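I opened a fresh page to record what I looked up in this model, beginning with its internal space and ending with its surface and two single residues.

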Amino acid sequence: MDPGGTPLAYELADETRRRIALEEAVLPRPAQTRVLTISNQKGGVGKTTTAVNLAAALARSGARVLVIDLDPQGNASTALGVDHRSEKKSVYEVLVSDLPLAEVIQPSTEHDDLDCVPATIHLAGAEIELVSLVAREQRLRRALDAHLASMDEPYHYVFIDCPPSLGLLTINAFVAAREVLIPIQCEYYALEGLSQLLSNIELIEKHLNPELRLSTILLTMYDSRTNLAQQVAQEVRDHFPTQTLETIIPRSVRVSEAPSYGQSVISYDFASSGSLSYREAAAEIARRGAAKTEESN
């Protein structure tokens, strides 16, 4: 059907088609918990936004999801409507004092199937305190594995939101995870520093976590009106053809506004283009994981 011939009409028709496809889709559940670290040492590329919105989208699809906030700023905790004032128990006590994860997990106001391990400002000093502790790189891994083993119905997905650095907090996230998801901003310098991040992932895979792999790259903040965004997207696809998702996250005012209301964009404006794109990205991640499981079997 011809939607009318104008660019806006075609865009609306395309969004309608995508929404119908998502509503009809039944996403596969992973056979075992998938633990994904969302990392990029560059700031402002959409790490926290990606963690929160993918988690919310998968929870709405029926999956049980946990978000671990490892960024001292606590933005993921805020976006998920979780209290992370300084007097609250948080991931800091898990890392430094061996507090069980079960004692710090809080339900998110976002969805019944979505939980969060909050970050407080105390986490800012954790890098220094971890230096002198035994097995400092393994502390999050041990806490998470122990918690998942104790659950009757373990989470389907665990997302770990990292700070924009490559310090001990990020190393703990890499060791705890099985997969790395890298959000890449579709702007100039997008690939700068990526080689260092990939080198760190390889080192951790070699020495600390042989299960770790770069499974997913998500292009964010895409502005289709600029040639630069298209060039960056193509360059990323050329370098990482199998890891890069087909879904691209556009620049969206709604995505930026949602955290100030303590919500994901999925809840804040379900019909927005940003919400639609993150739901598609979540569906693609779920299907890719199921496909790889079938291949390995």
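The entries below run from the ground rules to the cavity, the surface patch and a buried serine.

**Ground rules.** I am reading a predicted model, in which local features need pLDDT of at least 70 and side-chain atom pairs count only at pLDDT 80 or more, while totals for chains, interfaces and linings use all residues. Residues are numbered from 1 along each chain as its sequence is written, and side-chain values use heavy atoms, with hydrogens and water left out.

**Cavity.** I looked for enclosed space and found one cavity of 30 Å³ or more (a set of points on a 1 Å grid over the protein atoms alone where a 1.4 Å probe fits but cannot get out, lining residues having an atom within 4 Å of a point). The volume of the largest cavity, taken as the space filled by probe spheres set on the points, is about 50 Å³. I noted that strand E7 (213–222) and helix H12 (273–296) each supply at least two lining residues (helices, H or I, of at least four residues and strands, E, of at least two are DSSP runs), and that H12 gives the most, with four. Among the lining residues are Arg34, Glu179, Arg213 and Lys292.

**Surface.** I then found Tyr188, Tyr189 and Leu228 forming a nonpolar patch with about 360 Å² of accessible area together (residues with over 30% relative accessible area and no salt bridge, nonpolar side chains being joined within 5 Å; a salt bridge puts a side-chain nitrogen of Lys or Arg within 4 Å of a carboxyl oxygen of Asp or Glu; areas are Shrake-Rupley with a 1.4 Å probe). Tyrosine 189 lies in the loop between strand E6 (179–185) and helix H8 (194–207).

**Serine 275.** I placed serine 275 in helix H12, where serine 275 is buried at a relative accessible area of 0% (buried means under 20%).

Terms used. On a 1 Å grid over the protein atoms alone, a cavity is a set of points where a 1.4 Å probe fits but cannot get out, and a pocket is an open set with protein on both sides within 12 Å along at least five of seven lines; lining residues have an atom within 4 Å of a point. Patches are made of residues with over 30% relative accessible area and no salt bridge: like charges are joined within 9 Å, nonpolar side chains (Val, Leu, Ile, Met, Phe, Trp, Tyr) within 5 Å. Buried means under 20% relative accessible area, exposed over 50%, partly exposed in between (1.4 Å probe, protein chains only).
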